[in-house]
Amino acid sequence: MTIRPRAADTLVIGGGLVGAAVGWGLASRGETVTVLDEGDQALRASCGNFGLVWVQSKGDGMHDYARWTRSSADIWPEFSERLKEDTGISTGYHKPGGMHLCLSEQDLEKTRALCNRMHNVNGAQGYGSEILDRKQVADMLPGIGPDVVGGSFGRHDGHASPLKLLMGLHAGIKARGSHYVSGAAVDKIERDGGGYSVTTAKGVYRAGKLVLAAGHGNSAFGPLVGLDIPLRPEKGQILVTERVAPFLSMPTHVVRQTEEGSILIGDSHEDTGFSTLSTTPIMSQIASRAARFFPLLKNLRVVRSWGAVRVLSPDGYPIYQQSETHPGVFSVNCHSGVTLAGAHAMLLAPMISAGQLAPEFEAFSARRFHGQTH
Ligand SMILES: Cc1cc2nc3c(=O)[nH]c(=O)nc-3n(C[C@H](O)[C@H](O)[C@H](O)COP(=O)(O)OP(=O)(O)OC[C@H]3O[C@@H](n4cnc5c(N)ncnc54)[C@H](O)[C@@H]3O)c2cc1C
């Protein structure tokens with residue numbers, strides 16, 4: 001007879017990129033973790049994203065976020081390597097730097113102004129991005145079209161396969177002796193002695209600590225544990241072409257080539273609620289713009305497309321917080337779950353394991369939306 005594992009050190013609600021990264025990070029520190037996930041039919045940004053590990057342009061309005069993003073990019077090589085050691089699964093991570101391409105002088109000026117504003121964000125470590133003129137961009141990316149006027153090269157940028165990353169994290173949780181339970185939609189959270197019990201479609205689970213990492217599902221859980229988690233959906237559509245020989249030596253902000261040779265073309269920013277529909281007018285806009293960046297894309301067949309819903313806070317920056325009324329309960333939300341996977345597994349998970357977020361994480365609390373600080 002199989003006895004389902006019900007008691008753990010920590011329960012993580014949500015097994016997308018955020019919950020799985022935190023779950024694997026906790027399990028790597030020797031905790032017993034149970035990750036409870038609604039299942040493959042759930043709304044999941046983690047299965048519809050572009051796969052950038054991207055630093056440049058992040059955190060213009062919140063420098064704590066810029067530094068956090070950079071920390072994650074810095075730790076990604078080690079993170080990816082450790083995950084591979086645990087599971088044999090490669091995330092396909094490469095860090096050749098990344099290019100933001102500009103199609104107009106105004107866009108180039110805007111990008112230059114951003115670079116100047118961010119210049120000191122990491123102190124002596126530098127921002128790591130530089131503005132290039134058209135010729136310099138063409139030297140690095142020979143396939144650019146005549147409309148490209150220049151760009152910004154970020155040397156900390158890179159990309160990975162989001163699906164291999166997710167698969168690796170799920171496998172890593174198991175490899176560390178912890179549990180990932182699919183089909184376990186959570187509908188109740190209650191105090192249970194010094195810890196918590198969580199009722200799911202697959203039964204009741206208990207633990208001393210609780211991490212809410214259910215993407216948009218977090219908004220409903222927050223009030224049950226004394227947390228405010230305001231989130232909004234934003235749709236992004238992506239196109240995928242047939243496989244071709246390597247022609248892009250690095251990812252750009254909207255076109256990247258996968259290890260297998262497919263070209264991923266993104267993306268849109270649409271206020272269409274929780275819809276994940278692909279729509280022809282938007283797909284056509286995405287394709288036309290991409291062909292201005294790289295004219296050879298006009299000759300390729302699009303073999304797949306999808307829409308997915310971003311998990312965004314009101315200001316677009318992450319929300320990390322711990323409950324004041326429910327000790328041991330944490331919530332984690334962000335809109336860059338690939339980029340931040342390294343930091344979530346290797347920097348955030350140790351704090352959760354210790355039961356306390358670092359004081360500087362107050363900047364990421366949802367209290368910022370109410371003008372409250374501690
Ligand atoms: C078009 C697009 C492009 C993107 N590109 C990038 C990129 O290039 N780089 C980058 O870093 N990020 C990118 N992102 C963002 C990234 O995908 C998200 O930040 C990340 O996937 C969020 O992960 P998550 O685990 O918080 O949420 P989700 O992936 O939405 O997962 C939430 C999980 O919670 C579970 N869940 C929900 N409710 C319950 C419940 N009641 N009980 C149990 N489980 C529950 C669901 O089953 C699901 O697995 C992109 C997103 C989109 C949409």
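Two strands pair if DSSP finds at least two bridges between them, and this definition is needed in the exercises below, which concern a predicted model.

**Exercise 1. Work out how the sheet that holds β4, β5 and β6 is put together, and which residues face each other in it.**

Step 1. Begin with strand β6, residues 150-154, which is joined to β4 by 5 bridges, the two strands running antiparallel. One residue pair fixes the register here, since in β6 the bridge partner of Gly98 is Gly154.

Step 2. Turn to β5, which pairs with β6 in the antiparallel sense over 5 bridges. Within this pairing, Ile131 has Ser152 of β6 as its bridge partner.

Step 3. Put the two pairings together: the result is an open sheet of 3 strands in the order β4-β6-β5, with antiparallel pairing. Because β4 and β5 (129-133) stand at the edges with a single partner strand each, one side of each is left without a neighbour in the sheet. From one strand to the next, the twist averages 25°.

**Exercise 2. Decide whether the residues of strand β4 are buried or exposed, and on which sides they point.**

Step 1. The cut-off comes first: a residue is buried if 20 or more other C-beta atoms lie within 10 Å of its own. By this rule, 5 of the 5 residues of β4 (residues 98-102) are buried, and the strand is mostly covered.

Step 2. Now separate the residues by direction: Gly98, His100 and Cys102 point one way from β4, while Met99 and Leu101 point the other way, and all are buried.

**Exercise 3. Describe the sheet of 4 strands and the helix that lies across its strands.**

Step 1. The order of this open sheet is β13-β14-β12-β15, and its pairing is antiparallel. β13 and β15 stand at the edges, and each has a single partner strand, so one side of each is left without a neighbour in the sheet. On average, and with direction ignored, neighbouring strands of this sheet are turned by 25° against each other.

Step 2. For one of the pairings, take β12 and β14, which pair in the antiparallel sense over 2 bridges; in β14, Leu264 is the bridge partner of Val240.

Step 3. Add the helix: α7 (residues 280-293) lies across β12, β13, β14 and β15, and runs at about 60° to β12.

**Exercise 4. Find where the ligand lies with respect to the domains, and what kind of residues surround it.**

Step 1. The protein chain is divided into domain 1 (7-52 + 163-230 + 317-370), domain 2 (98-155) and domain 3 (232-312). The centres of domain 1 and domain 2, taken over C-alpha atoms, are separated by 35 Å.

Step 2. Around the ligand there are 42 residues, of which the closest are Gly16, Gly215, Gly217, Gly236 and Gly337. The elements that give two or more residues to this shell are α1 (17-28), β12 (232-241) and β15 (302-312), and β15 gives the most, with 4 residues.

Step 3. Sorted by class, the shell around the ligand has 20 nonpolar, 17 polar and 5 charged residues.

Step 4. Domain 1 and domain 3 both give residues to the shell around the ligand, and therefore the ligand lies between them.

**Exercise 5. Examine the loop residues Glu259 and Ser57, asking how exposed each one is.**

Step 1. Glu259 is found in the loop between β13 (255-257) and β14 (263-265). This residue is partly exposed, because 14 other C-beta atoms lie within 10 Å.

Step 2. Leaving aside neighbours within four places in sequence, Glu259 is in contact with Gly92 and Ser161. Although Glu259 and Ser161 are 98 residues apart along the chain, their C-alpha atoms are separated by 8.3 Å.

Step 3. Ser57 has its place in the loop between β3 (52-53) and α2 (63-87). With 19 C-beta neighbours inside 10 Å, Ser57 also counts as partly exposed, and the residue has a positive phi of about 80° although it is not a glycine.

**Exercise 6. Trace the hairpin formed by β9 and β10.**

Step 1. Strand β9 (residues 186-192) pairs with strand β10 (residues 195-200) in the antiparallel sense over 6 bridges, and in β10 the bridge partner of Glu190 is Ser197.

Step 2. Between the two strands of the hairpin there are 2 residues, and Gly193 in the turn has a positive phi of about 60°.

Technical notes:
Residues are numbered from 1 along each chain as its sequence is written. This is a predicted model: local features need pLDDT of at least 70, side-chain atom pairs count only at pLDDT 80 or more; totals for chains, interfaces and linings use all residues. A residue is buried if 20 or more other C-beta atoms lie within 10 Å of its own, exposed if 12 or fewer, and partly exposed in between; C-beta atoms are placed from the backbone. Axes are lines fitted to C-alpha atoms, for helices over the stretch in contact, and angles run from 0 to 180 degrees between N-to-C directions. Two residues are in contact if their C-beta atoms, placed from the backbone, lie within 7 Å. Domain bounds come from an automatic or database domain assignment. A residue is near a molecule or strand if its C-beta atom, placed from the backbone, lies within 6 Å of it. Ala, Val, Leu, Ile, Met, Phe, Trp, Tyr, Cys and Pro count as nonpolar, Asp, Glu, Lys and Arg as charged, and the others, Gly among them, as polar.
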